[in-house]
Amino acid sequence: MTVKRLEMLVASQAQRTPDKAAIVCDDAVVTYAQLESQSNRLASALEEMGMVEGDRACLLLPKSVDAVICMLATLKVGGVYVPLDLDSPAARSQKIIDACEPTLIFASAESVKVLSELRSDQAAQPRVFAVSSEPAEPGAFTHAGSFKDLVNYASERSTRDMSVDGPAHILFTSGSTGVPKGVIITHRNVSSFLSWLVEYFGYSADDRMSGHPPLHFDLSTMDIFGTLSVGATLYPVPARMNLLAPALASWIEESELTQWFSVPSILNYMAKFDALRDKELPNLKRLIWCGEVLPTPTLRYWMQRLPHVEFTNLYGPTEATIASSYYTLPACPASDQDDVPIGTPCDGEQLLVLDERFRIAKEGEIGDLYISGVGLSPGYWRDEEKTNAAFLHNDALGVPGDRIYKTGDLGWFDAEGLFHYSGRADSQVKSRGYRIELGEIESALHSLKYLGELAVVGVEAEGFEGTTICCAYTSNELPPNSHALVRQDLMQIVPNYMLPSKWERLEVLPKNVNGKIDRPRLRQIFIDNANREDDRR
């Protein structure tokens, strides 16, 4: 696949297969021709409103056909789309809007509550464009129009010559200071990844792809543009399915999906509820995960029940565009303790394991994991200091490539050249005089069949202990107050100094906006509980 701007990839496919189903969403079928004509109409409306190359447009929308149309139209005028999370507090969305200074906010009926809580104190105020039949109230902003007005615009338009090196979208991730960081992703970043993706997995127009991650999560970029660039059909996962494991398995089967792609938490959730007990998913060809470590017991559950499916682990942070390495399992792991590599760099990417002096680590030696190559973001939106701290120029380091990105992860490579993930650099703690990798404890706990979701975090403590090791977990099988039983079973797997000293059994573990386990929130839960215990003494 030639590196192109994203809207051109979709437009080219619309010319080849105009009547092919592009998106099936809640039984509504939208063809490539309809997607192209509606996004052309909207692009013309945006130009008439004065939107120019480089302007930002926020998407305050649920995952939908309308959202994809807004993305494509924004790109067609050279704009940059910025997805917002409808479920985030309005205060967080306000910070993103203040940071990116959009000229426009696409909103729907589902946006009413968030819009009503947003303020408008920028010199150049963004306007609200309604995409639903029931226009969203603009709140403190002004209306710019709605989809019902698009009939007045032409369904065809000439293409514009714009650079593939321009930004396609800005994805805001959590920042350590409480202010979200905006990661700039270019058309070249995404298109280069898609070139590898399509060739490696052999995507074709016959594929039926899942669309599970939310729009503000970079994995959705792979779903949307990976699907639409080859003429396949995208099936956005209805939000109501996320907490109904058996129903989700039935939906995958009924939709005849050929590919499922998600973060591991949903796969783990479905395995814990034995969602595949009566399902064979005969149409499914490949299952891909990214974003977190998939517990090996969960992986074995899926692989044992779906022997006809190819299983691939993708690894990569938002700053390196979706994924930088891959590993397709040759066979089901033999035991629950087996390690699954993050594998081999994707085409145009390079992984490096470096020591503290930026020397390439030896085989089997754990070091800091860095990434270089075509996927690297230009940096953080209007934040040169953070950009320079995370994206290092190699001429001063003596390692390959122009720039390298410090992932914050630890890793190592084996004799076959496969890379392995060893946890976060900040998840390695010193407790009771020992240096401990919290991920090792989590791996051991995942082998206990009666545990559901779980996470191990460290909380700073005074005195000899250094860091208190804390474990939060869920279980549908254990009786109440069964920490001692879990601890006793864990003692058979790890040494005593790695045993958590604080335990919490929860109904569900807190998640961040990307559906990953919210570890900072868990740490705060343990801190609050410790403070309450101190108050009672």
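Student: How many bridges join E25 to strand E26 (residues 467-473)?
Tutor: This is a predicted model, with local features needing pLDDT of at least 70, side-chain atom pairs counting only at pLDDT 80 or more, and totals for chains, interfaces and linings using all residues. Residues are numbered from 1 along each chain as its sequence is written, and side-chain values use heavy atoms, without hydrogens or water. E25 and E26 (strands are DSSP E runs of at least two residues, numbered from the N terminus) run antiparallel. The bridges joining them number seven.

Student: Which residue in E26 is the bridge partner of Gly458?
Tutor: Strand E25 covers 454-460, and E26 covers residues 467-473. Across this pair, Gly458 has as its bridge partner Ile469.

Student: In what order do the three strands form the open sheet?
Tutor: The pairing is mixed; two strands pair if DSSP finds at least two bridges between them. E25 and strand E27 (502-505) are the edge strands, each pairing on one side only. The order is E25-E26-E27.

Student: What does the twist average from one strand to the next?
Tutor: Angles run from 0 to 180 degrees between N-to-C directions, with axes fitted to C-alpha atoms, for helices over the stretch in contact. From one strand to the next, the twist averages 20 degrees.

Student: Which helix lies across E25, E26 and E27?
Tutor: Two helices (DSSP H or I runs of at least four residues) come into this picture. Helix H13 (residues 483-490) packs on the sheet and touches E26 and E27 (contact means heavy atoms within 4.5 Å), at about 120 degrees to E27. The helix across E25, E26 and E27 runs at about 150 degrees to E25, and is H12.

Student: How far apart do the C-alpha centres of domain 1 and domain 2 lie?
Tutor: The domain assignment, which is automatic or from a database, gives domain 1 as 6-236 and domain 2 as 436-535. Their C-alpha centres lie apart by 39 Å.

Student: Which helix gives the most to the lining of the largest cavity?
Tutor: A cavity is a set of 1 Å grid points where a 1.4 Å probe fits but cannot get out, and lining residues have an atom within 4 Å of a point. This one holds about 60 Å³ of space, and its lining includes Ser220, Asp223 and Ile224. Strand E11 (233-236) and a helix at 219-228 each give two or more residues. The top contributor, with three residues, is H7.

Student: Which helix gives the largest share of the lining of the second largest cavity?
Tutor: Among the lining residues are Arg92, Ser93 and Ile96. The largest share is three residues, from helix H4.

Technical notes. 1 Å grid on protein atoms, 1.4 Å probe; cavity = no way out; pocket = protein on both sides within 12 Å on 5 of 7 lines; lining within 4 Å. Points joined across faces, edges and corners; volume = space filled by probe spheres on them.
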